[in-house]
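Good morning, and thank you for coming. I should like to take you through one structure today, moving from a single residue to the sheets and then to the disulfides.

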Amino acid sequence: MFPVKGALGGGGLHYSILAEDHLSCTEVSDCVLSALTPLSAKTLMISMKLSTTILTVTMVAISGLEAAVVLNQEKSMSLSLGANAKISCSVISSSTWAISWYQQKAGSAPQFLLVDSTRASGLPDRFTYSESGSQEYLHINGVKAEDEAVYYCACVGCEGATSFGGGTMLNVGRSPSPPSLTLMPPSQTELSQGKATLVCMAQGFYPDTATVSWSEGGSTRTGSEVQTGAAERRSDGKYSLISLLTVTAAQWSSGVSYSCQIRHSALSSPLSRSVSQTECR
């Protein structure tokens, strides 16, 4: 079995399914699409999977109030073992505030670290904080492999609401890893409804920056027909993402070849996969 996990478009769709090795390419497409279709925003709000977007939305929803304080964080940083980390949190607020820091390791819920002089029990002394004007900083001196996690700044109870930053992913001592690429054709269910969605899955890459593009018969496809999700961190610290291309059933049935291509820093040249109706007969 292989896992299919990820996010599609700004936190809009999150899914987690397993597809059997022996399924045909069309049946796997059915599995993926059936997993995507039923999910709603309400379902995601109560999901135990705390991605950056879900964490922010869930905490605000629980408070029942709109966030009164805006917190901005850089998306990620990569450091070698033993280096010193300085994770920033920019605070936009018209009132006084106290910033808390949380650590979320892969597959675990966020854990409180510190706020001002209050520290979590057993927190190593190498975790400290500082502030300068509207900037708050979490310092980790001499980072270790165990420190790899997402770090969130938060303002709990500020102006009667709870606000979270988007989180900073701290990557520690990792070498670049290239992606594998799988391209699946449309499902028979969709084709019977007059449309066709091709599913391109990139898995196992590091760092998280990757660019996916689509082509039809050698011509680039862009616009609303293409939906590419944000890279999602896996439990092994590597990343995966999914991109979808939607065309009409008639276009697919014409026999033209569709290609998905990914560019990544660990690749010496772009990696590409192609599929056509002829190949799936």
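Let us begin with Val-172, which is located in strand S13, spanning residues 168–172. Please bear in mind throughout that this is a predicted model. Is Val-172 buried or exposed? Its relative accessibility is 7%, and Val-172 therefore counts as buried.

Which residues does Val-172 touch, once neighbours within four places in sequence are set aside? The contacts are Leu-79, Leu-81, Val-143, Lys-144, Ala-145, Asp-147 and Glu-148. Consider also Met-77, which is 95 residues away from Val-172 along the chain. The C-alpha atoms of Met-77 and Val-172 are nevertheless separated by 8.6 Å.

I turn now to the sheets. One of them is an open sheet of four strands in the order S3-S5-S10-S9, and its pairing is antiparallel. Strand S3, residues 70–72, and strand S9, residues 127–132, occupy the edges. Each has a single partner strand, so one side of each has no neighbour in the sheet. On average, and ignoring direction, neighbouring strands here are turned by 25° against each other.

Within this sheet, S3 pairs with strand S5, residues 85–92, in the antiparallel sense through three bridges. As an example of the register, Asn-72 has Ser-90 of S5 as its bridge partner.

Another open sheet of four strands runs in the order S17-S16-S21-S22, again with antiparallel pairing. At its edges stand strand S17, residues 219–221, and strand S22, residues 271–275; each has a single partner strand, so one side of each is left without a neighbour in the sheet. The average turn between neighbouring strands of this sheet, direction ignored, is 30°. Inside it, strand S16, residues 210–216, pairs with S21 in the antiparallel sense over seven bridges. Ala-210 is found opposite His-264 of S21.

Next, strand S20, which covers residues 239–248. Why may we describe S20 as largely enclosed by the rest of the structure? Eight of its 10 residues are buried, so the description follows.

Several strands pair with S20. Strand S15, residues 195–205, does so in the antiparallel sense over 10 bridges, with Ala-196 placed opposite Val-247. Strand S18, residues 226–228, is also antiparallel to S20, with three bridges between them; here Val-226 faces Leu-245. Strand S19, residues 232–233, makes an antiparallel pairing with S20 over two bridges, and Glu-232 stands opposite Ser-240. S19 and S20 form a hairpin with five residues between the strands, in which Gly-237 adopts a positive phi near 90°.

That brings me to the disulfides. To recall the chemistry, a disulfide is a covalent bond between the sulfur atoms of two cysteines. How many disulfides does this model contain? The count is two.

One links Cys-89 to Cys-153, with an S to S distance of 2.1 Å. Cys-89 belongs to strand S5 and Cys-153 to strand S11, residues 149–158, so this pair ties together parts that are 64 residues apart in sequence. The torsion about the S-S bond of Cys-89 and Cys-153 is about 70°, so this disulfide is right-handed. Both Cys-89 and Cys-153 are buried.

The other links Cys-200 to Cys-260, with an S to S distance of 1.9 Å. Cys-200 lies in strand S15 and Cys-260 in strand S21, residues 258–264, so the pair ties together parts that are 60 residues apart in sequence. Which hand does this disulfide have? Its S-S torsion is about -80°, so the disulfide of Cys-200 and Cys-260 is left-handed. Cys-200 has 1% relative accessibility and therefore counts as buried. Cys-260, at 0%, counts as buried as well.

Finally, a word on confidence. The mean pLDDT of the protein is 78, and 75% of its residues reach 70 or more. Where does pLDDT stay under 50? One such stretch is residues 1–29, for which the model has 75 contacts beyond four places in sequence. Another is residues 31–66, with 56 contacts of that kind. Where pLDDT is low, the predicted coordinates should not be read in detail.

I am glad to take questions.

Notes. Residues numbered from 1 in each chain as written. Predicted model: local features only at pLDDT ≥ 70, side-chain atom pairs only at ≥ 80, totals over all residues. Heavy atoms only, no water. Pairing = 2+ DSSP bridges. Axes fitted to C-alpha atoms, helices over the stretch in contact; angles between N-to-C directions. Buried < 20%, exposed > 50% of the residue type's maximum accessible area, 1.4 Å probe, protein only. Contact = heavy atoms within 4.5 Å. Disulfide = S-S within 2.5 Å. pLDDT = per-residue confidence, 0-100.
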